[in-house]
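Welcome, and please open the model in your viewer. Have your selection tool ready, and we will go from stop to stop.

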Amino acid sequence: MKQVRIGGQAVLEGIMMKGPASYSLAVRKPDGEIAVEVTSYRSFSERKKLNRIPILRGIINFIESLYIGIKTLMASSEYFEDEEEEGEKDQKKKKKEKEDSARNSGSGKEEKSNKGYMIGTLIFSLIFAIGIFVLLPSFLAGLLLKVTDRQWISNLVEGILRLAIFIGYVALISKLEDIRRTFMYHGAEHKAINCLEAGDDLTPENVLKHTRFHKRCGTSFVFIVMIISIIVFMFVQTEIMWLRLLSRILLIPVIAGLSYEVLQYAGRHENACSRIMSAPGLWVQRLTTKEPDLSMAEVAIWAVEQVIDVSEYLECVRNNSFEK
């Protein structure tokens with residue numbers, strides 16, 4: 001067996017886990033049961049041999065991760081729609097109508113409509129994130145050029161503002177009950193992966209013993225993006241506001257690609273350099289992950305077991321017998 005590195009994200013009352021050939025969605029439904037969906041999937045970069053090109057592979061993986069993340073997040077929410085308004089009979093009726101609809105000739109149009117809605121949501125999310133975390137701090141810091149001609153000061157303040165806005169935003173939303181539970185599932189996701197990579201049997205009790213922090217976390221990626229953006233933008237100097245903002249937008253793919261390479265290096269190596277690279281992201285994970293309970297660990301295990309042969313993987317970890 002080749003050594004693979006799985007990853008995932010927390011969704012509404014559940015976890016998405018991505019393996020080498022598929023990704024799974026495990027959700028704790030309102031009745032307490034765990035619903036599981038598995039989707040076969042192969043990365044675009046792997047299909048097109050682009051995973052060997054540094055930076056470019058990071059851009060592609062970033063877009064794909066956003067797409068799958070929003071898709072599974074929307075799918076998880078469907079288990080809780082109209083929960084309080086619909087009785088059991090109405091839910092069965094709704095399910096039957098959905099199944100009947102999938103059989104008729106209009107199902108193709110409905111699928112296209114859902115895909116279009118999902119792409120629209122992805123675009124809106126990107127625009128919102130770019131506006132709040134990229135353009136706003138750049139605009140505010142750019143105003144400093146009216147009182148000083150030292151652009152490096154303006155760029156440094158821009159980076160500090162970006163970090164402050166991000167940390168403040170995460171700290172604020174973590175106070176919401178639903179978000180807090182999502183952060184608990186985020187912790188369960190990390191613990192399950194850490195348990196697997198340590199070679200321990202995947203039981204809820206074992207999972208909870210492991211740390212809720214992980215080097216390859218998306219939170220670490222975002223933090224690395226912000227650190228690298230400070231460095232890159234130091235070399236992009238202009239007093240023209242619209243050109244300043246445009247340069248930030250155009251450089252987003254490059255920064256994302258560079259950040260992906262840094263994250264991958266830190267996740268695959270254990271040395272002083274990788275520890276320094278990982279430290280800030282691991283610190284921020286104290287905000288984006290919370291300690292889960294046994295039921296959440298169980299959901300994480302279900303998600304992992306759908307995308308990888310756990311018994312074979314554990315045997316390879318314990319015997320150090322992965323294919324080279």
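This tour visits salt bridges, a helix and a surface patch.

Keep in mind as you look around that this is a predicted model.

**Stop 1: a pair within one helix**

Start by selecting helix α5, residues 151-173, and show the side chains of Glu158 and Arg162. These two residues sit four apart, about one turn of the helix. In an α-helix there are 3.6 residues a turn, so residues three or four places apart point the same way. The side chains of Glu158 and Arg162 form a salt bridge, with N to O at 2.7 Å. Are the two residues buried or exposed? Both Glu158 and Arg162 are buried.

**Stop 2: across to another helix**

Keep Glu158 on screen and add Arg244. Their side chains meet in a salt bridge as well, at 2.9 Å from N to O. Arg244 belongs to helix α9 and Glu158 to helix α5, so this pair ties together parts 86 residues apart in sequence. How much relative accessible area does each partner have? Arg244 has 2%, which makes it buried, since buried means under 20%. Glu158 is buried too, with 0%.

Now add Arg248 to the selection: Glu158, Arg162, Arg244 and Arg248 are linked in a network of salt bridges.

**Stop 3: a salt bridge with more access**

Next, select Arg275 and Glu270, whose side chains meet in a salt bridge at 3.1 Å, N to O. Arg275 is partly exposed, with a relative accessible area of 46%, while Glu270 counts as exposed at 57%. For the wider picture, the whole structure holds 13 salt bridges.

**Stop 4: helix α6**

Select residues 177-197, which make up helix α6. Try the distance tool on the C-alpha atoms at its two ends: they are 31 Å apart. That agrees with the 30 Å that its 21 residues should span at 1.5 Å a residue. Colour the helix by accessibility and you will find it mostly covered, with 15 of the 21 residues buried. Following α6 comes Gly199, which has a positive phi, near 85 degrees.

**Stop 5: a nonpolar patch**

Finally, switch to a surface view and select Ile240, Trp242, Leu243, Leu246 and Leu250. Together they form a nonpolar patch on the surface, with about 500 Å² of accessible area. Where does Ile240 sit? Ile240 lies in the loop between α8 (218-233) and α9 (241-250). At 43% relative accessibility, Ile240 counts as partly exposed.

Notes. Residues are numbered from 1 along each chain as its sequence is written. This is a predicted model: local features need pLDDT of at least 70, side-chain atom pairs count only at pLDDT 80 or more; totals for chains, interfaces and linings use all residues. Side-chain values use heavy atoms; hydrogens and water are left out. Patches are made of residues with over 30% relative accessible area and no salt bridge: like charges are joined within 9 Å, nonpolar side chains (Val, Leu, Ile, Met, Phe, Trp, Tyr) within 5 Å. Accessible areas come from the Shrake-Rupley method with a 1.4 Å probe; for residues, only the protein chains shown count as cover. A salt bridge is a side-chain nitrogen of Lys or Arg within 4 Å of a carboxyl oxygen of Asp or Glu. Buried means under 20% relative accessible area, exposed over 50%, partly exposed in between (1.4 Å probe, protein chains only). The expected span of a helix is 1.5 Å times one less than its number of residues.
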